[in-house]
Amino acid sequence: MIKRFFKFIFKILLGLFLFSILMVVIYKFVPVPFTPLMAIRYFENPEEPVEHDWVPIDEISRHLQLAVIASEDQNFENHSGFDFEAIQKAMEDNRSGRKIRGASTISQQTAKNVFLWPGRTWFRKGMEAYFTFLIEMIWSKERILEVYLNSIEMGKGVYGAQAASQHWFKKDASKLGPYEAAAIAAVLPNPREYRANPASNFIQRRKNWIVRQMQNYGKFMLE
C-alpha cells in the first residue's frame with residue numbers, strides 16, 4: 001500500500017516536472033497570453049480593466065529595454081539568472097537595518113510573473129529559482145527580456161510595454177523616448193501605486209536617476 005502510494009506521488013511529480021519543461025519550451029516561441037497575476041487581479045476585482053497587448057521586442061523602444069536593465073538588473077547580460085553579488089549586498093543592508101532592498105534579477109521576475117503566483121514562502125521562492133534556471137537554460141537573453149517587457153505590471157491593470165506606453169503616453173512602445181521609458185521603469189517597484197505620467201516628485205527623481213544610469217550603462221547587445 002505504501003509502495004503504491006509513493007509510486008503514485010512519483011508519477012505526479014514526474015508529470016509536473018515534464019509539464020513545467022513543456023511550458024517553458026512553448027513560451028520560447030509563443031507569446032504569453034496571460035499570467036497568473038492577471039488572473040488573480042481579475043478575480044480580486046472583476047470590474048478593473050486589464051490592458052495587455054503583446055508586441056515583439058523589435059517593436060519595443062530600445063530606450064525602454066535599456067531603462068529596465070539600468071534600473072532593475074544591470075548585470076542582466078552577464079549573470080545566469082541570479083546576481084549573487086546583489087544578493088549579498090541586499091543581505092548585508094537588511095542585516096544592518098538599512099532600507100530593505102531586493103535582489104531579484106529580470107530573469108527571476110520573469111519566472112515569477114509568467115509561471116508563479118505572488119508570495120514570499122520558501123516553497124514559492126524555490127519554485128522561482130527552478131523556473132529561473134529553466135528559462136536561462138532554454139531561452140535566450142533577448143527572449144527573457146521580451147517576455148518580461150510584455151508580461152510585468154506597469155500600472156494598475158496595465159501589463160506589458162505596449163499597454164503601458166498607450167496608457168501613460170498615448171503612443172506605441174516603439175515610439176518611447178528615453179525620459180518616457182525611464183518614467184515607466186521608475187514605477188516598476190510598485191506599479192499599482194506609482195504613476196509614470198504625471199510623475200510625482202519621487203518618481204521624477206527616480207526617473208532622472210534611471211536616465212543617468214542608462215547613460216552610464218551605454219549600449220547593450222543581447223543574444
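Contact here means heavy atoms within 4.5 Å. With that in hand, here are some close-ups of this predicted model.

**View 1. Valine 158 and the residues around it.**
Let us start at strand E3 (residues 158-159), where valine 158 is found. Is valine 158 buried or exposed? Its relative accessible area is 0%, so valine 158 is buried. Setting aside residues up to four places away in sequence, valine 158 touches Glu51, Ile152, Glu153, Ala163, Ala164 and His167. For a sense of distance, take glutamine 74: valine 158 and glutamine 74 are 84 residues apart in sequence, and their C-alpha atoms are 24 Å apart in space.

**View 2. Glutamate 51, a contact of valine 158.**
Glutamate 51 sits in strand E1 (residues 51-52). Which residues does glutamate 51 contact, leaving aside neighbours within four places in sequence? They are Gly157, Val158, Tyr159, Ala163 and His167. Glutamate 51 counts as partly exposed because its relative accessibility is 26%, whereas valine 158 is buried. Between the C-alpha atoms of glutamate 51 and methionine 38 there are 9.8 Å, with their positions 13 residues apart along the chain counted as the separation.

**View 3. A network of salt bridges.**
Nine salt bridges are counted in the model. Arg41, Glu44, Glu48, Glu153 and Arg192 are linked in a network of them. Arginine 192 takes part in a salt bridge with glutamate 48, where the closest N and O atoms are 2.8 Å apart. This pair links distant parts of the chain, 144 residues apart: glutamate 48 is in the loop between H2 and E1, and arginine 192 is in the loop between H9 and H10. Arginine 192 also meets the side chain of glutamate 153 in a salt bridge (2.9 Å, N to O). Here too the pair links distant parts of the chain, with glutamate 153 in strand E2 (residues 153-155) and 39 residues separating the two. How covered are the partners? Glutamate 48 is buried, with a relative accessible area of 11%, and glutamate 153 is buried at 7%. Arginine 192 has a relative accessible area of 25%, so it is partly exposed.

**View 4. Arginine 41 and glutamate 44 in helix H2.**
Elsewhere in the network, the side chains of arginine 41 and glutamate 44 form a salt bridge (3.8 Å, N to O). Why do these two lie about one helical turn apart? They are three residues apart in helix H2 (residues 36-44). An α-helix has 3.6 residues a turn, so residues three or four places apart point the same way. Glutamate 44 is exposed, with 57% relative accessibility.

**View 5. The largest nonpolar core and helix H3.**
The largest nonpolar core holds 52 residues, and Leu64, Val68, Phe115, Leu145 and Ile184 touch the most other members. Among the elements that give two or more residues to this core are helix H1 (2-27), helix H3 (62-72), helix H5 (106-115) and helix H10 (201-217). At least three residues of the core come from each of domain 1 (1-30) and domain 2 (31-217). Now look at H3, which is mostly covered: eight of its eleven residues are buried. These are Leu64, Gln65, Leu66, Ala67, Val68, Ile69, Ala70 and Ser71. Their cover includes H5, H7, H8, H9 and H10.

**View 6. The two domains and a nonpolar surface patch.**
The protein is divided into domain 1 (1-30) and domain 2 (31-217). Taken over C-alpha atoms, the domain centres are 29 Å apart. Ten residues of domain 1 are in contact with 13 residues of domain 2. Phe19, Leu22, Val25, Ile26, Phe29 and Val30 make a nonpolar surface patch of about 550 Å². One of them, valine 25, is in helix H1 and is partly exposed, with a relative accessible area of 34%.

**View 7. Backbone details in two loops.**
Which bond joins asparagine 197 and proline 198? A cis peptide bond does, with omega at about -5°. Proline 198 lies in the loop between H9 and H10. In the loop between H8 and H9 we find lysine 170. Although lysine 170 is not a glycine, its phi is positive, at about 55°. Its relative accessible area is 67%, so lysine 170 is exposed.

Conventions. Residues are numbered from 1 along each chain as its sequence is written. This is a predicted model: local features need pLDDT of at least 70, side-chain atom pairs count only at pLDDT 80 or more; totals for chains, interfaces and linings use all residues. Side-chain values use heavy atoms; hydrogens and water are left out. A nonpolar core is a set of buried Ala, Val, Leu, Ile, Met, Phe, Trp, Tyr and Cys residues joined through side-chain atoms within 4.5 Å. Buried means under 20% relative accessible area, exposed over 50%, partly exposed in between (1.4 Å probe, protein chains only). Helices (H or I, at least four residues) and strands (E, at least two) are DSSP runs, numbered from the N terminus. Domain bounds come from an automatic or database domain assignment. Patches are made of residues with over 30% relative accessible area and no salt bridge: like charges are joined within 9 Å, nonpolar side chains (Val, Leu, Ile, Met, Phe, Trp, Tyr) within 5 Å. Accessible areas come from the Shrake-Rupley method with a 1.4 Å probe; for residues, only the protein chains shown count as cover. A salt bridge is a side-chain nitrogen of Lys or Arg within 4 Å of a carboxyl oxygen of Asp or Glu.
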